[in-house]
Amino acid sequence: MLVVNPLVRLIPGLKVTGREWSVIFGLMLMGAMIPGPGLMWHFTPIVALPHKYQAANPGWQRADLIGYAPPAMLVDPTWQGETDEDVVYGLNQGLRPGERIRFYEAPWHGWSRTLGFWLPVLGLGFIGSVCIALVVHPQWAHRERLRYPVAEFAGELIRGAEDRPWPAIFYRRVFWMGFAPVAAVLLYNGFGLWLNNPVQVPLMFDFTAIVNKWPYLNNAPDLALFTLRPRLNFVVIGFAFLVSTEVSFSMGISPALFYAAWLTVFSFGLNPRGGGGYLGGSIEGYQKFGSYIGLTLIILYTGRYWFASVMLRSLGIRRGDPVSPAVLWAGRLAMLAGLGLTATLRWGVGLALPLAILYVIFAGVIVLVLTRMNVETGMYSFHTWWHGAGAILGMFGAAAIGPHMLIILALLSTVATIDARVTLMPLVANALRIGEHEGVRATRFTWGLLPTALLCLIIGIVGTVFIQYNFGVEPVGWSGDVGRMPWLLLEQNLPNFQARPEGFMGVDWSLIRVDSHFLWSASIGLILVVVTSLLRMRYSWWPLHPVLFLLWGTWPMNVLGPSWLLGWFIKMVVVRVGGAAAFARFKPAFIGIVAGDFVSRIILAIYALGYYIVTGTRGP
């Protein structure tokens, strides 16, 4: 909007309207999750490198962990009956280091089987996400009137783009009052790193002396690392001004309340993150699971009339409120996608039907709740801290599930939901809302978003695999950890499988043992969210939002919580002093704060890319 829109208008008779900008933006969002933590950060390490991990681990070799996984879920490291090391080690190191290969030279024979499984699974998930977003959109946007803060921000930057070189908000002085200082500070600090400038504008504050005074606080995870070293995040401060005060207040105090709850549980000799860890389930993960289920029940309750109308009319029963044909077809397609995904898991890789149904439901709960949190609060980064594999493990026990079912669930969870900080359905919801701001009908827009998302999925996966066969991939940090998670979970539970009949691969219902931690933790999480939601509905003065219990303790909230609290405080002061008029007057300034943060980071990223191209090094 700063650069392209004015340049386009230099061509006589040509301009891009706000409607067209909203379509461009929405289509771009469909590919936004593919390159990042939503998928490609970890997809290839999960499906291609387990063979390498097992070859380097004698314990895994003795147990033959890979032998428990269905062949379709991993790459095939053989060719015509012989081992083809290029399939795995060519991806890891580059097929011909120092040389570039053509597309057809990549060992695609090793990928045809696994892509034949994963592309339909992910594609059906994409179809379901897009269609469910369209189904819930009328309820959330027009009946409940949720804020959609991300869409509101983007809509302000688009509005009036066809009338003048810059959109309308760029001509507001108060917008630049927020934009200029934020961009100046971040650019000064950023380029200062490249120019070895020792003087920086402080954006991080250190309160870790508190831990020195009370060492018991060291038992709380990440307290000294993140929360007691708050770093100002201008995007969060801007969004905190746009959303309701109970949302920003709840997000702001979530770290403090989480640490209080953690230390209370820890004082009873329990480790809230012990057990199966991030993937396999823990007290903290089970509590998050219960909270997600609780919010799902609240979503269904508040929208019960609309959802019942869509469901009945999708099945041909003319009951309830009128529903547009596009929404009806979206509902039918979403149901077919869920059935197709369940069938693919059942007959494609042999997952037991009850487990396949539960996994599809739990994956749907995750994306639905993340979308609800995003459109209601503006929170743009999430860690769920629970996954389908861990929830089912807590419900049934490892002995009942067995190693074959467990590794299937673990691989599904790591590929699809292990790092849902960016996922498709919230992007679709915001694209629909941005389009509506400019007069693009959501029901029509959806049928352009869906094929775009599927095309991005295919190009993203195939293109990434080809690039990695050229340059190699050595997963480190988070992506390397995720690639090993399913196998570490399986190895951890091997002793629990000894009670199972020899050679039996299905679910042994006689061995079901519900984890007691799962029962009480999930129940507490569900009760906290349901009670908090009902109190919000009943009392206007109630200060807490249920999002508190879904996000507390996660890495994004530990990092961003102080900025949410600062944004809440600023909004409270502005509204108390000047009322609603002051809020409306200063709103463009906080949109400018967010825009200034984005622009400065884009400029620094472009500079870093140019530096790398010229020098071949990454720089500071």
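This passage describes how aromatic rings pair with one another, and with charged side chains, in a predicted model.

In this model, the count of aromatic pairs comes to 36. One of these pairs is formed by F117 and W118, whose ring centres lie 5.0 Å apart and whose planes meet at 70°, so the pair is classed as edge-to-face, given that an angle over 60 degrees places a pair in that class. Both partners are shielded from the surroundings in the sense used here, since F117 is buried and W118 is buried as well.

A further edge-to-face pair is formed by F226 and W555, with 6.3 Å from centre to centre and 85° between the planes. This pair links distant parts of the chain, because F226 belongs to helix α11 (residues 223-227) whereas W555 belongs to helix α26 (residues 555-615), and the two residues are 329 residues apart. With a relative accessibility of 21%, F226 counts as partly exposed, and W555, with a relative accessibility of 36%, also counts as partly exposed; both assignments follow from the range between 20% and 50% that defines this class.

Aromatic rings also come together in a group, as ring pairs link Y286, F289, Y292, F362, W386 and F518 into a cluster.

Charged side chains are likewise found over aromatic rings. The charged end of R304 sits over the ring of Y301, at 4.1 Å from the ring centre, and in a similar arrangement the charged end of R332 sits over the ring of W329, at 4.6 Å from the centre of that ring.

Technical notes:
Residues are numbered from 1 along each chain as its sequence is written. This is a predicted model: local features need pLDDT of at least 70, side-chain atom pairs count only at pLDDT 80 or more; totals for chains, interfaces and linings use all residues. Side-chain values use heavy atoms; hydrogens and water are left out. Rings of Phe, Tyr and Trp (its six-membered ring) pair if their centres lie within 6.5 Å; planes under 30 degrees apart count as stacked, over 60 as edge-to-face and the rest as tilted. Buried means under 20% relative accessible area, exposed over 50%, partly exposed in between (1.4 Å probe, protein chains only). Helices (H or I, at least four residues) and strands (E, at least two) are DSSP runs, numbered from the N terminus. A charge sits over a ring if NZ of Lys or CZ of Arg is within 6 Å of the ring centre and within 35 degrees of the ring normal.
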